[in-house]
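Ready to practise reading a protein model? Take a look at the one below, keep it in view, and work through the exercises in order.

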Amino acid sequence: MTAQEYIETKLEDLHQPLGLTKPANRQNLVDVVFKALTSKKFRKYSLGTEHADHIKSSIALNIANNEPIKATLVFGGYKLWRLQETPEVDWAELFALMYYTNWMKPICELYEPGVWFDFFSDDVIVPKMNNVNPEDTKAYQTSFKKLLEFMKPYQPHNLNMTLNRVGDQYEDYEAFEQDLEDQMN
């Protein structure tokens with residue numbers, strides 16, 4: 001098997017059903033979704049009681065409102081300058097998206113509203129903190145969005161992966177600058 005065949009096989013596997021049995025009631029669904037989200041396979045550290053309770057209550061609220069389960073991954077939103085692929089995404093992001101899709105797949109199969117998995121990028125902070133060229137973070141953002149679109153046909157229909165940025169939370173860049181200045185003083 002060539003590398004290309006292997007990757008194509010793994011991509012095709014992403015949207016194949018797992019054959020899971022839907023839970024009998026809402027509480028069982030909350031428990032199953034919680035177990036899938038907090039599976040040791042997909043986390044590095046143990047989960048404290050306070051965090052577990054918060055996650056369970058968030059899941060229960062989403063299910064009660066028949067809304068997608070919301071997951072957010074905060075990340076830098078740029079490629080390290082010394083890597084050859086800079087400033088765009090590469091194999092690392094492709095394999096990461098495949099990994100996150102596998103993580104969310106059982107939830108999507110058991111819960112029709114699915115999952116909204118938001119990548120939250122601090123790419124407007126990175127140029128200030130790490131001296132990264134803002135044009136590089138823009139190029140990364142553009143290529144990341146293209147990769148998200150590339151992945152859609154391979155993902156469950158009810159998995160929505162999006163890219164959100166710190167800068168998107170402000171009216172304009174000047175408002176971000178002012179808030180950052182205020183927070184640092």
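What follows is a set of exercises, each with a worked solution.

**Before you start**

This is a predicted model, in which local features need pLDDT of at least 70 and side-chain atom pairs count only at pLDDT 80 or more, while totals for chains, interfaces and linings use all residues. Residues are numbered from 1 along each chain as its sequence is written, and side-chain values use heavy atoms, with hydrogens and water left out.

**Exercise 1. Describe the overall make-up of the protein chain.**

Step 1: count the elements. The protein chain has 7 helices and 3 strands; these are DSSP runs (helices are H or I with at least four residues, strands are E with at least two), numbered from the N terminus.

Step 2: put the elements in order. Starting at the N terminus, they run α-α-α-β-α-β-α-α-β-α.

Step 3: add the dimensions. The C-alpha trace spans about 50 × 50 × 30 Å along its principal axes.

**Exercise 2. Work out how helix H2 packs against helix H4.**

Step 1: recall what is needed. Two packed helices are described by the angle between their axes and the distance between the axes.

Step 2: find both values. Helix H2 (residues 26-37) and helix H4 (residues 91-110) have axes 9 Å apart, at an angle of about 165°. Axes are lines fitted to C-alpha atoms, for helices over the stretch in contact, and angles run from 0 to 180 degrees between N-to-C directions.

Step 3: name the arrangement. H2 and H4 are therefore roughly antiparallel to each other (angles under 35 degrees count as roughly parallel, over 145 as roughly antiparallel, 65 to 115 as roughly perpendicular and the rest as oblique).

Step 4: give the handedness. The crossing of H2 and H4 is left-handed (the near helix is turned anticlockwise from the far one by less than a right angle; clockwise would be right-handed).

Step 5: list the residues in contact (heavy atoms within 4.5 Å). H2 brings Leu 29, Val 32, Val 33, Ala 36 and Leu 37, and H4 brings Trp 103, Met 104, Ile 107 and Leu 110.

Step 6: sort them by class. The contact of H2 with H4 has 9 nonpolar, no polar and no charged residues. Here Ala, Val, Leu, Ile, Met, Phe, Trp, Tyr, Cys and Pro count as nonpolar, Asp, Glu, Lys and Arg as charged, and the others, Gly among them, as polar.

**Exercise 3. Do the same for H2 with H3.**

Step 1: the axes of H2 and H3 come within 9 Å and cross at roughly 130°. That makes H2 oblique to H3.

Step 2: this crossing of H2 and H3 is right-handed.

Step 3: residues in the contact include Leu 29, Phe 34 and Leu 37 of H2 and Ile 55, Ile 59 and Ile 63 of H3. By class, the contact of H2 with H3 holds 11 nonpolar, no polar and 3 charged residues.

**Exercise 4. Is H1 roughly parallel or roughly antiparallel to H4?**

Step 1: the axes of helix H1 (residues 3-14) and H4 come within 10 Å, crossing at roughly 30°. That makes H1 roughly parallel to H4.

Step 2: the crossing of H1 and H4 is left-handed.

Step 3: among the residues in the contact are Ile 7 and Leu 11 of H1 and Leu 94 and Met 98 of H4. The contact of H1 with H4 has 7 nonpolar, 2 polar and 3 charged residues.

**Exercise 5. Find two unusual backbone spots.**

Step 1: know the usual case. Most residues other than glycine have a negative phi, and most peptide bonds are trans.

Step 2: look at the loop between H3 and S1, where Asn 66 lies. Asn 66 has a positive phi of about 55° although it is not a glycine.

Step 3: move to the loop between S1 and H4, which holds Pro 87. A cis peptide bond, with omega about 10°, joins Thr 86 and Pro 87.

Step 4: see what surrounds Pro 87. Not counting residues up to four places away in sequence, Pro 87 touches Lys 79, Asp 136, Ala 139 and Tyr 140. The C-alpha atoms of Pro 87 and Thr 137 are separated by 7.0 Å, though the two residues are 50 apart along the chain.
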